[in-house]
Structure formats: structure tokens, C-alpha cells
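Take a look at the fold below and try tracing the chain from one end to the other. Then we'll walk through its sheets, its cores and its pocket together.

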Amino acid sequence: MTYAYTIIYVENVVDTITFYESAFGFSQKFVTPEKDYGELLSGETTIAFATFALGNSNFKQGFEQTSRTKKPFGIELAFTTENIEADFEKAINAGATIYEPLVEKPWGQKVGYLRDNNGLLIEICTPIKS
């Protein structure tokens, strides 16, 4: 088995992909003609987005929707960078909001937390040095 996708259900797929392009430098892989599903070129594991409506059609029992006004889910997407201060600021300038500022951890890694345009938690961190 291989971990292939993380799919995040959002209000607007195109707006979310545009946000991830400008905030984090990813590129769009594709968006369906209906604009209800799209993927980013994000490395070995694909980050994908689907609309709330598509989620509602998939999950008869429903699901909690992401929200910018409620507390975030206990899950995050984590992106590593060697240019953490500049990349953190770039994401903020693109519309991300600070959830926890950049700090240096006891093991030497720098870490900060943002919320994306849907309210999802994003960790920006330096690689862990071994």
C-alpha cells in the first residue's frame, strides 16, 4: 500500500488552489471541468481539494466542514523549507493567518503555524537535522 492523497474538502477548489500557488509555491496539476476537485503538484503525496458539495455526495453521514471562524481540526499539512522566515511571510502576504508564530524548538528546528484560506492548519518548518 502507498499513501497517495490528502483530500481536503473546501468551499471553493479554484480559490484554494490559487491560494496554495501564491502562498506556498505549488503548481496546479489539474482541476475537473466542474471545478469540484483539483490537485496540486506537491511531491510524492498529492494534495487535493474537493468541494463541500462533492463531500456531501460521498459521505451520507456528513462531515465537519473547515472554517476560518472555528477552531481548526486536529490535523495539519506540514511543509519544510530552508527559507522559513521568508516563506512564512510570503504565505501571510498571500492571505494565510498566523496561528502560532515561528519558534525554535529545543532540537534546533524552527516551526510556525498558519491557517490557510479555509482555516486548515499549516505547519511551516525547517527540516529536522540529524
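In which sense do strand 2 and strand 3 pair? Strand 2 and strand 3 (residues 37-41) run antiparallel, joined over four bridges. A quick note on the ground rules: this is a predicted model, where local features need pLDDT of at least 70, side-chain atom pairs count only at pLDDT 80 or more, and totals for chains, interfaces and linings use all residues. Residues are numbered from 1 along each chain as its sequence is written, and side-chain values use heavy atoms, leaving out hydrogens and water.

As for the words, strands (E, at least two residues) and helices (H or I, at least four) are DSSP runs numbered from the N terminus. Two strands pair if DSSP finds at least two bridges between them.

**The two sheets**

Strand 2 and strand 3 belong to an open sheet of four strands, in the order 1-4-3-2 with mixed pairing. Its edge strands, pairing on one side only, are strand 1 (5-10) and strand 2 (27-31). On average, neighbouring strands here are turned by 25 degrees against each other, direction ignored. Angles like this run from 0 to 180 degrees between N-to-C directions, using axes fitted to C-alpha atoms (for helices, over the stretch in contact).

Zoom in on strand 3: Phe30 sits opposite its Glu39, and Gln28 sits opposite its Leu40. On the strand 4 side, Glu39 has Ala48 as its bridge partner. Strand 3 is largely enclosed by the rest of the structure, because four of its five residues are buried (under 20% relative accessible area; exposed is over 50%, partly exposed in between; 1.4 Å probe, protein chains only).

Here are the two hairpins that strand 3 takes part in:

| Hairpin | Residues between the strands | Residue with positive phi |
|---|---|---|
| Strand 2 and strand 3 | five residues | Lys35, near 60 degrees |
| Strand 3 and strand 4 | four residues | Gly43, near 105 degrees |

Another open sheet has four strands in the order 5-8-7-6, again with mixed pairing. Strand 5 and strand 6 (97-104) are its edges. Strand 5 pairs with strand 8 in the parallel sense over five bridges, and Ala78 has Glu123 in strand 8 as its bridge partner. Helix 3 lies across strand 6, strand 7 (110-115) and strand 8, at about 5 degrees to strand 7.

**The cores**

In soluble globular proteins, nonpolar side chains tend to be buried together. A nonpolar core is a set of buried Ala, Val, Leu, Ile, Met, Phe, Trp, Tyr and Cys residues joined through side-chain atoms within 4.5 Å. The largest one here has 22 residues, and Tyr20, Phe24, Phe49, Phe79 and Ile122 have the most contacts inside it. Which element gives the largest share of this core? That's helix 1, with six residues. Apart from this core lies another, of five residues, including Tyr9 and Tyr37.

Tyr20 touches (heavy atoms within 4.5 Å) Phe49, Phe79 and Ile122, among others.

**The pocket**

A pocket is an open set of points on a 1 Å grid over the protein atoms alone, where a 1.4 Å probe fits, with protein on both sides within 12 Å along at least five of seven lines; lining residues have an atom within 4 Å of a point. The largest pocket has a volume (the space filled by probe spheres set on the points) of about 200 Å³. Its lining includes Thr6, Tyr9, Phe63 and Leu120. Strand 1 supplies the largest share of that lining, four residues.

Terms used:
Lists of a residue's contacts leave out its neighbours within four places in sequence.
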